[in-house]
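Open the model in your viewer and keep the selection panel at hand. The stops below say what to select next and what is there.

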Amino acid sequence: MAQAKAVDAPSSPGPDRAGAGGNPWLVLLAVSLGVIMVMLDGTVVGIANPVIQADLKATLSDLQWVTSGYLLALAVFLITAGKLGDLFGHKRVFLIGVAGFAITSVGIGLSAELAGVIPGLSPVGALIGLRVLQGLFGALLQPAALALLRGAFPGEKLNQAMGAWGGIIGLSSAAGPIVGGVLVENVSWESVFFINAPVGIIALVMGVFLIKDNRAQTMARIDWLGVLLLSGAMFSLVWTIIKAPDWGWGDSTTLTFLGAFAVLIAAFIFWQNRAQKMGRQPLVPLSLFRNISISIGTVLMMMVAFAMFGAMFFLGFFFQGVHGLTPLEAGLRMLPMSAGMIVASPLAGMAIGRLGPKITMAAGLLITALAMFLMSQLSIDASFLASAIPFVLLAFGMSPVFVGATEIIVGNAPLELSGVAGGVQQSAMQVGGALGTAILGAVMAAEISGTLPGYLGPAAQTIPPAQMIGLEKAAAFGAAPPGVPQPIVDAVHHSFMDGMHLAFLVSTGIAVLTALLTLFVRAGRKAEGVQVHVG
């Protein structure tokens, strides 16, 4: 039986680094196209949700599943996908992910047609199922993309690469509402998914010709027991986060799934330690997390995703339901965030290179907190300027955290574990996004239930309980049922605003507390050579 050994990351561009591609900036361009699809689909749905709800008669729970099912699949499979790239070649895994993502995107656009030919399948069910499958393919390409960048750029240029990467990803995330608004208003909601087909084809062609294969130097068997235990643990955690608002956080079902997560993650840790001692190659070498920067960077990534996905989920309903804007007008309202992301992410990479991650990320989190606080003060008839200011601040606040957390996670990992590190980074982002959508959604729903009767006044006593529940569900979308009197419409809008304000105040507090964690991080290595014990 082989003994665990210390593996040195190459001290100079070795086979892995050279194999990532001839020109590193062309590698960046090629992999960015693939990931742009994933990020666009993560935010474009916020604009499409109201139209999907009306077209498919979806409930709020259905719409949460359209977002959360996608995030669940990503979160469960990302680390395993990163390991697959480390073992079988990041280029191969990346291209499979791009192709699968594009194909399932087309399937999502054809959800209604698929439901018509498959007995018992509803259009909403087809949409959710394909979103889950889309998430699995997205999980394949994201860690592989980060690993390709990690291998293509030398350590001293990694900050620049991550800054450019953050700008591209931030732009695609923030552009989602605008692209979605144009397509939903002028074509259809299905077109926001069809657009991935041509993007995917371009990404495939560029990937084939611009990226060279960078298969791992040492092949090994996949730790299937580790995959099973980690996937089960991640599923139990994210499933609980998504369903707990419906079950109740103190419900026995919620506690059962939380207990399952605790047992499975403990078993996973035990097995990873044992596998390493036995000379096998574990799925995730736990020594990776002995680096405090990687551990804290993971938490930071979760928190910034919490804020980003939570904000995007509510803002679509605010602009279209309460404000009464069209999808395109709602997307244009978010244009300041898009513009801010273009400028902020490259600047964040430069700032981290000069000032280090502590000061830069702490400042970013405090700016994020200020932006969230200002968003908690938005009025029903907020002007373009009133929303533009916090959007710009949010772009300049989130970008340093996103770029910095990515750099310290991937940059502090040995090169041979870059795929796993990329999977950890992306898993943290998706779990944070699921947390943001579920927890802030629960906070908002509770506040609406508590404040709506007060806004209705004496009329609340005359509304049957079933109709009141319907009003509360409608208020979660920011829109009252058609045909109700104007006072009821006003009550629904005011209760929605109370819920949204409280959700943003919660995000404000989390951003302030998370800023303290940045005091304990350090930059990624500028020179390779750090030893890590692997099988």
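A polar contact here is a pair of N or O atoms within 3.5 Å; within protein, one atom must be able to donate a hydrogen and the other to accept it. With that in mind, select S399 and A395: the S399 side chain comes to 2.7 Å from the backbone oxygen of A395. The model is a predicted one.

**Stop 1: around S399**

Stay on S399, which belongs to helix α16, residues 384-411. S399 has a relative accessibility of 1%, so it counts as buried. Now show what surrounds it, leaving out neighbours within four places in sequence: S399 is in contact with M341, A344, S345 and A348.

Widen the selection to the whole of α16. Of its 28 residues, 21 are buried, so the helix is mostly covered, with buried meaning under 20% relative accessible area. Put a distance between the end C-alpha atoms of α16: they are 39 Å apart, which agrees with the 40 Å that 28 residues should span at 1.5 Å a residue.

**Stop 2: the whole chain**

Zoom out and colour by secondary structure. The protein has 19 helices and two strands. Colour by accessibility next: 58% of the 535 residues count as buried. For contacts between residues at least 6 apart in sequence, 84% join residues at least 24 apart.

**Stop 3: aromatic pairs**

Which rings pair up? Counting ring centres within 6.5 Å, there are four aromatic pairs. One of them is Y70 with F101, an edge-to-face pair with 6.5 Å from centre to centre and 65° between the planes. Y70 is in helix α3 (residues 60-88) and F101 in helix α4 (residues 90-109), so this pair ties together parts 31 residues apart in sequence.

Are Y70 and F101 buried or exposed? Y70 is buried at 2% relative accessible area, and F101 is buried too, at 0%.

Then move to F318 and F319. Their ring centres are 5.1 Å apart and their planes meet at 50°, so the pair is tilted. F318 is buried, with a relative accessible area of 0%, and F319 is buried with 0% as well. Add F391 to the selection: F318, F319 and F391 form one aromatic cluster.

Go back to Y70 and add R131. What sits over the ring of Y70? The charged end of R131 does, 4.1 Å from the ring centre.

**Stop 4: helix α4**

Select α4, the helix that holds F101. This helix is mostly covered, with 15 of its 20 residues buried. Its end C-alpha atoms are 29 Å apart, which agrees with the 28 Å that 20 residues should span at 1.5 Å a residue.

**Stop 5: the largest nonpolar core**

In soluble globular proteins, nonpolar side chains tend to be buried together. The largest nonpolar core in this model has 151 residues, and V31, F94, W165, F318 and L456 touch the most other members. Helix α12 (residues 292-322) gives the most to this core, with 19 residues.

Select F94 to see one of these residues in its setting. Not counting residues up to four places away in sequence, F94 touches A30, V31, G34, L141, A144, A145, L148 and I211.

**Stop 6: three further residues**

Select G450, found in helix α17 (residues 418-456). At 58% relative accessibility, G450 counts as exposed. Add S495 and draw the line from C-alpha to C-alpha: G450 and S495 are 8.5 Å apart in space and 45 residues apart in sequence.

Next is P198, in helix α9 (residues 196-210). P198 is partly exposed, with 43% relative accessibility. Add A102: P198 and A102 are 96 residues apart in sequence, while their C-alpha atoms are 8.3 Å apart.

Finish at H501 in helix α19 (residues 486-515). How accessible is H501? H501 has 18% relative accessibility and counts as buried. Leaving aside neighbours within four places in sequence, H501 is in contact with M375, S376, Q377 and L378.

How values were computed
Residues are numbered from 1 along each chain as its sequence is written. This is a predicted model: local features need pLDDT of at least 70, side-chain atom pairs count only at pLDDT 80 or more; totals for chains, interfaces and linings use all residues. Side-chain values use heavy atoms; hydrogens and water are left out. Rings of Phe, Tyr and Trp (its six-membered ring) pair if their centres lie within 6.5 Å; planes under 30 degrees apart count as stacked, over 60 as edge-to-face and the rest as tilted. Helices (H or I, at least four residues) and strands (E, at least two) are DSSP runs, numbered from the N terminus. Buried means under 20% relative accessible area, exposed over 50%, partly exposed in between (1.4 Å probe, protein chains only). A charge sits over a ring if NZ of Lys or CZ of Arg is within 6 Å of the ring centre and within 35 degrees of the ring normal. Contact means heavy atoms within 4.5 Å. A nonpolar core is a set of buried Ala, Val, Leu, Ile, Met, Phe, Trp, Tyr and Cys residues joined through side-chain atoms within 4.5 Å. The expected span of a helix is 1.5 Å times one less than its number of residues.
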